[in-house]
Amino acid sequence: MVQSIGLVLVLAFCVPASSLRPGSAFPRSGHLEIVRNEMNSGRAAHTATLLHDGRVLIVGGMKYGGGSIAEVEIFDPSKMSFIDAGRLNTARSGHTASLLPDGKVLIAGGYNGGYLQTSEIFDPKSGRFITGPMLTLARSEHTATTLPDGTILLAGGVGTGWTFLAESEIFDPRTGQFTAAGKMSTPRESHTATLLRNRKVLITGGHKDRRSAVTIYSSTEIYDPELRTFGPGPEMTIRRHKHDAVLLNDGRVMITGGSDERDSQGAYTSIEVLDPSTGRFRKVGDLGRARYKLNGAVAVLNDGKILIAGGSDSAEIFDATKKTAQSVAGTFGSKRLFSTATRLRSGDVIIIGGYNEIQQVSQRAWIFRAPV
C-alpha cells in the first residue's frame, strides 16, 4: 500500500515538458494536484455532495474485495483535508445522495449484501444521520434527479432478486415520503438522468440483464414531471452504458464515454450531444482515452468547458464549442473507475476515490486546478 501511494505521488506530478507553455508551470488545460491528506477509508461507488457551506460530504461506497462501507467523511477545501463524519446507520454502495432545500442530504437505496429500501438523512448542523422514509422499492444503481420544485426523481436500477427496474418514484421533502411515479418503457441500470431546461428529465442508455444475456440501449426516455410519466426520447448514435451525461451551459446535453458488452475492452472515446432545438443526437468528437464507469466523474467548469476525470488514469478537458479535447497535466497513477468529481465554490474540482482494474479502491483524492 505504501509503495503504491508513493508511486501515485510521483506520477501525479510527472508533467511532460512538451505539454508546457513557455513561462508557465502547467498547460492552459489546468492540472491535477494530490490532496496530501488522504481519506480514512478507501472507497468506490460512493457519493460526494457539495454542501451549502462549501464542504463535500462523502458517503459509503464499496471496499476492496467487495462489500459496502458505512464510513462517512467531509472534505474541507479551506483546510484541504478530510474529517471523520461518523457512520451511516446502514452500510451502502450504489446509493444516491441528493441535497435538499434545507441543506440536509437524502441518502437513498444502495446495496449491502442485498438491495436496500431504506433511506437516511444527514443534517450538517448536527453532523448526524437520522432514519429516513422507506422507498417504494428496494433499489441500487438507480439515478436521482432533483426537480425544479424540490422533489427528487429516483429511476431504474436493480432491485430484490437481481430484478432490473423500470419503476420510478418521487421523494417530496415537504411530506418526507416517497411515492410511486411512472414506469420507463424498459428496465435500466448504468443509465444517466439529466434535468433539461424545460424541466423534463432525459434518461439515456443503460442495460438490463447480465453477461451473455445483457442488452445495452441506444434508446432514451423523457420524464414529464407534470404528468409523472415517461415518453420516448431520441436515439443516441450508439448503444452505451456506464457512461456519463451533463447539461451544457447552452442547454444541450453531452454524453461521454461508456462501453458495449465487452466493458473495458469495448470502452468508448466518443462524445455525442443532444440539441433540444433539433431533438437529435450527433457525434461531436472523441476523447484521447477510452473511458467507462465514469458516471458522476464529469464536471462542468466555470468557463463552460467539461472536465472528464473518471474512467482512465488521467483527466481531459473537452470544449463543446470547438469540439476538441485536451489532456490535463498530471495523472491518477491508475485507472479511476467509479470515482466522483465535484466542482467546488472556487471553480476547482475534487476527484475522490474509485478503484483500478483489479478493483483495488483508493483513499486518495485529487484537486483539479482550473487555469487562470
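## Exercises on cores and sheets in a predicted model

In the largest nonpolar core, which has 16 residues, Leu 32, Leu 307, Val 328, Phe 332, Val 349, Ile 351 and Phe 368 touch the most other members. The model is predicted, so that local features need pLDDT of at least 70 and side-chain atom pairs count only at pLDDT 80 or more, while totals for chains, interfaces and linings use all residues. Residues are numbered from 1 along each chain as its sequence is written, and side-chain values use heavy atoms, with hydrogens and water left out.

**Exercise 1. State which strands each supply at least two residues of the largest nonpolar core, and then place them in their sheet.**

Step 1. A nonpolar core is a set of buried Ala, Val, Leu, Ile, Met, Phe, Trp, Tyr and Cys residues joined through side-chain atoms within 4.5 Å, where buried means under 20% relative accessible area, exposed over 50% and partly exposed in between, with a 1.4 Å probe and protein chains only.

Step 2. The strands that each supply at least two residues are E1, E31 (349-352) and E32; strands are DSSP runs of E with at least two residues, helices are runs of H or I with at least four, and both are numbered from the N terminus.

Step 3. These strands belong to an open antiparallel sheet of 4 strands in the order E1-E32-E31-E30, in which E1 (31-34) and E30 (340-343) are the edge strands, each pairing on one side only. From one strand to the next the twist averages 25 degrees, given that axes are lines fitted to C-alpha atoms (for helices over the stretch in contact) and angles run from 0 to 180 degrees between N-to-C directions.

Step 4. Two strands pair if DSSP finds at least two bridges between them; E1 and E32 (residues 365-369) run antiparallel and are joined by 4 bridges, with His 31 opposite Arg 369.

**Exercise 2. Trace strand E28 through its side-chain directions and its pairing with E27 and E29.**

Step 1. Within E28 (residues 316-319), Glu 316 and Phe 318 point one way, Ile 317 and Asp 319 point the other way, and all are buried.

Step 2. E27 (residues 306-308) pairs with E28 in the antiparallel sense over 3 bridges, and Phe 318 is the bridge partner of Ile 306. Both Ile 306 and Phe 318 are among the 14 residues of another core, which lies apart from the largest one.

Step 3. E29 (residues 324-327) runs antiparallel to E28 and is joined to it by 4 bridges, one pair of bridge partners being Glu 316 and Ser 327. E28 and E29 form a hairpin with 4 residues between them, and Lys 323 in the turn has a positive phi of about 60 degrees.

**Exercise 3. Work out whether the radius of gyration of the protein chain agrees with that of a compact globule, or departs from it.**

Step 1. The radius of gyration is taken over C-alpha atoms, and the globule rule is 2.2 Å times the number of residues to the power 0.38.

Step 2. For 372 residues a compact globule would have a radius of gyration near 21 Å, and the protein chain, at 19 Å, therefore agrees.

Step 3. Along its principal axes the C-alpha trace spans about 55 × 50 × 40 Å, and 56% of the 372 residues count as buried. The protein chain has 1 helix and 32 strands.
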